[in-house]
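Biologist: Could you pick one part of this model and go through it closely, along with whatever surrounds it? I'd like a connected picture rather than a list.

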Amino acid sequence: MTAREFYALLTALVVPRPIAWVSTLGRDGVDNLAPHSFFTIASVEPPIVQFTSVGLKDTLRNVEETGEFVVNLACENDFETINATATDFPRGISEFEALGIQREPSLSVGPPRIAGAPAALECRVHSTLRIGDSTLVFGRVVHAAVHREMLVDGHPDIGLLRPLARLGKDEWATLGAVREIKRVRYADRPGPTPSPDA
């Protein structure tokens with residue numbers, strides 16, 4: 001298989017993938033906004049999230065120039081807008097301006113947040129790691145902003161956040177059914193507990 005064919009296979013099998021809707025600011029003062037579906041938590045203490053830039057994109061250039069970025073929550077209501085920010089706009093054109101997306105100032109970093117996003121993680125670059133044609137960007141979360149209406153008993157509510165996920169090809173996924181189950185401690189497992197020597 002070619003690299004492109006294997007990429008299509010991987011992205012169809014590693015699903016669903018959360019989306020980092022990343023806003024950055026270049027050294028020239030032009031901001032950028034793009035979705036990245038290779039995204040996860042890398043560390044809890046310190047709090048670090050990571051996303052992967054496949055190839056050298058404006059997001060990565062800006063991150064390497066300024067050392068800062070914001071992950072805005074990608075939610076159902078913004079489906080078409082998120083997809084539109086994946087367009088290969090020429091460098092120097094702001095997706096905020098081109099698509100009429102409203103900004104709001106971040107509190108701890110230079111890049112703006114999306115004004116309507118229900119949550120945002122303001123990050124400073126911890127480190128980057130190049131692997132093949134991609135670069136993993138690790139960002140320390142220095143400020144987390146969550147709209148109050150997204151909270152239930154002080155905690156973000158998944159039914160209110162309504163995040164989007166990426167699948168294979170041009171497929172996206174909405175939240176769907178949510179199931180809850182508590183993790184069972186070994187000591188609380190039903191039935192006889194075998195001895196360590198068994």
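Modeller: Sure; two strands pair if DSSP finds at least two bridges between them, and strands (E, at least two residues) and helices (H or I, at least four) are DSSP runs numbered from the N terminus. This is a predicted model, where local features need pLDDT of at least 70 and side-chain atom pairs count only at pLDDT 80 or more, while totals for chains, interfaces and linings use all residues. Residues are numbered from 1 along each chain as its sequence is written, and side-chain values use heavy atoms, with hydrogens and water left out.

I'd go for strand 6, residues 68-73. Five of its six residues are buried, which leaves the strand mostly covered; buried here means under 20% relative accessible area, exposed over 50% and partly exposed in between (1.4 Å probe, protein chains only). Strand 6 pairs with strand 2 through four bridges, running antiparallel. Within that pairing, S23 has V70 of strand 6 as its bridge partner. Now follow V70 across to strand 9, where it stands opposite E122. The pairing of strand 6 with strand 9 is antiparallel too, and five bridges make it up. So V70 is a handy place to put your cursor: S23 is its bridge partner in the pairing of strands 2 and 6, and E122 stands opposite it in strand 9.

Next, look at what comes before strand 6 in the chain. Helix 2 covers residues 58-66, and its buried residues are D58, T59, L60, N62 and V63. Strand 6 is part of what covers those buried residues, and so are strand 2 (20-25) and strand 9 (119-131); strand 3 (31-36), strand 5 (48-54) and strand 10 (134-146) are included as well. Right after helix 2 comes G67, with a positive phi near 75°.

While you're in this region, check the cysteines. There are zero disulfides in the structure, a disulfide being a pair of cysteine sulfur atoms within 2.5 Å. For C75, the nearest cysteine sulfur belongs to C123, 18 Å away, and C75 is in no disulfide. C123 is in none either, and its nearest cysteine sulfur is that of C75. C75 is buried at 6% relative accessible area, and C123 is buried as well, at 0%.

For contrast, try the open sheet made of three strands in the order 1-13-14, with antiparallel pairing. Strand 1 (17-18) and strand 14 (172-173) are at its edges, each with a single partner strand, so one side of each lacks a neighbour in the sheet. Strand 13, residues 165-166, is joined to strand 14 by two antiparallel bridges, and A165 stands opposite A173 there.

Now zoom out. The protein chain has five helices and 14 strands, and its C-alpha trace spans about 65 × 50 × 30 Å along the principal axes. Of its 198 residues, 35% count as buried. Take contacts (heavy atoms within 4.5 Å): among those in the chain with a separation of 6 or more, 58% are between residues 24 or more positions apart. One such pairing to look at is the one you began with, strand 6 against strand 9.
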